[in-house]
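Good morning, colleagues. Please turn to the sequence and the structure on the screen, and I shall take you through them.

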Amino acid sequence: MKRRTFIKSTSLTGMACTLPPFITTSFNSDYSTEELMGKADVELFGEGINLRKEAYESFLEMKKAAYTAGYDIKMVSSFRDFYRQEAIWERKYIQYTEDDGMDPLRAIDKIIEYSTIPGTSRHHWGTDIDIIDGYPKSTGDVLVPEKFEAGGPFEGLKLWLDENSEKFGFYLVYNNDPRRRGFKYEPWHYSYAPISIPMLSAYRRLNVLRLLEKEEFLGTEHFTTGFIKTYVQDNILDINPNLL
């Protein structure tokens, strides 16, 4: 792949001014850069669950409580490493550019409606989950907002989660606040706050622009300083304020 130029006529000092929350500084963190980007081996728990130990234990408690209330929480997705996210990204990039005929910039905008740039996903952390109710029958893609709304197969579980998920430490990440930017509303995506909050704090100290500059997955040649700055502010930081 042709090596792209992320920063045109921009020095490292200028880059630091552009992205103040994402400057690499000297600090003590329990989480390495590789871990935060999904490139480290992480100890995960639960067959088909794949969460960090504390998140896994809280998930089981929430699942048990939901079961008592008549809902079967089913895991659709949890931990995804960098390379799995890269495969998802490239599959969509090829689909939009080659099959659908979109220009690269439009394709990237389409991808980031719901999918993250590899190395920036919360699913890299072993704290975040995509869940549905396993009881109702549903055809097609299960992770669509309409299926969690009134009359949808997962309406009951969503109402239960609204009342109870935070008791177990799980918070909705991308809510339906009309003022929120970035990823679209995801009523299925929850994060275990006791771990994900400090992980996000550590992630904010990384220089995302410099790290992504080293990657060569499809589409990165179209990333610019301005695009990454906006992506960080809108897609990584404009989330449920309880998770900041």
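Let me begin with strand 4, residues 189-192, in what is a predicted model. Is this strand covered on one face or on both? Both faces are covered. H189 and S191 lie on one side, Y190 and Y192 lie on the other, and all of them are buried. As a general point, side chains in a regular strand alternate between the two faces of the sheet.

Strand 4 has two pairing partners to consider here. With strand 2, residues 128-133, strand 4 pairs in the antiparallel sense over 3 bridges, and D128 stands opposite S191. With strand 3, residues 170-172, the pairing is again antiparallel, over 3 bridges. There, L172 stands opposite Y190.

Strand 2 deserves its own remark. Of its 6 residues, 6 are buried. D128, D130 and I132 are on one side, with I129, I131 and D133 on the other, and both faces are covered. Bench colleagues may wish to note that the buried residues of this strand include the aspartates D128, D130 and D133. Strand 2 also pairs with strand 1, residues 73-77, in the antiparallel sense over 4 bridges. In that pairing, I73 has D133 as its bridge partner.

Let me now place these strands in the whole chain. The protein chain holds 9 helices and 4 strands. Along the sequence, their order is α-α-α-β-α-α-β-α-β-β-α-α-α. Of the 244 residues in the protein chain, 48% are buried. Among contacts with a separation of 6 or more, 75% come from residues 24 or more positions apart.

I turn next to the aromatic residues. How many aromatic pairs does a search of the whole structure find? The search finds 16. One pair is formed by F59 and F170: the ring centres are 6.4 Å apart and the planes stand at 75 degrees, so this pair is edge-to-face. The cut-off behind that step is an angle over 60 degrees. F59 belongs to helix 3, residues 53-68, and F170 to strand 3, so that the pair links distant parts of the chain, 111 residues apart. F59 is buried, with a relative accessible area of 1%, and F170 is buried as well, at 0%.

A second pair is that of Y114 and W188. Their ring centres are 6.2 Å apart and their planes are at 35 degrees, so the pair is tilted. Y114 lies in the loop between helix 5 and strand 2, while W188 lies in the loop between strand 3 and strand 4, so the pair ties together parts that are 74 residues apart in sequence. Is Y114 buried or partly exposed? Y114 is partly exposed, with a relative accessible area of 35%, whereas W188 is buried, at 3%.

Other rings join into a cluster. Ring pairs link F82, Y83, W89, Y174, F183, F217, F223, F227 and Y231. One of these rings also has a charge over it: the charged end of K39 sits over the ring of F82, 4.4 Å from its centre.

This brings me to the nonpolar cores. The largest has 57 residues, and F59, M62, I73, I117, I129, I131 and I228 touch the most other members. Helix 7, residues 193-203, gives the most to this core, with 6 residues. Apart from the largest core lies another, of 6 residues, which includes I132, V142, F154 and W188.

Helix 7 also contains A202. A202 is buried, with a relative accessible area of 4%. Although A202 and L36 are 166 residues apart in sequence, their C-alpha atoms are 8.0 Å apart in space.

Finally, let us look at helix 5, residues 104-111. Which residues of helix 5 are buried? They are A107, I108 and I111. Seen down the helix axis, these residues fall within an arc of 100 degrees, so they line one face of helix 5. In general, an α-helix has 3.6 residues a turn, so residues three or four places apart point the same way. The buried residues of helix 5 pack against helix 4, residues 82-99, and helix 9, residues 225-236.

That concludes my presentation. Thank you for your attention.

Conventions. Residues numbered from 1 in each chain as written. Predicted model: local features only at pLDDT ≥ 70, side-chain atom pairs only at ≥ 80, totals over all residues. Heavy atoms only, no water. Buried < 20%, exposed > 50% of the residue type's maximum accessible area, 1.4 Å probe, protein only. Pairing = 2+ DSSP bridges. Phe/Tyr/Trp six-rings, centres within 6.5 Å; stacked < 30°, edge-to-face > 60°. Lys NZ or Arg CZ within 6 Å of the ring centre and 35° of its normal. Core = buried A, V, L, I, M, F, W, Y, C linked by side-chain atoms within 4.5 Å. Arc of directions from axis to C-beta. Contact = heavy atoms within 4.5 Å.
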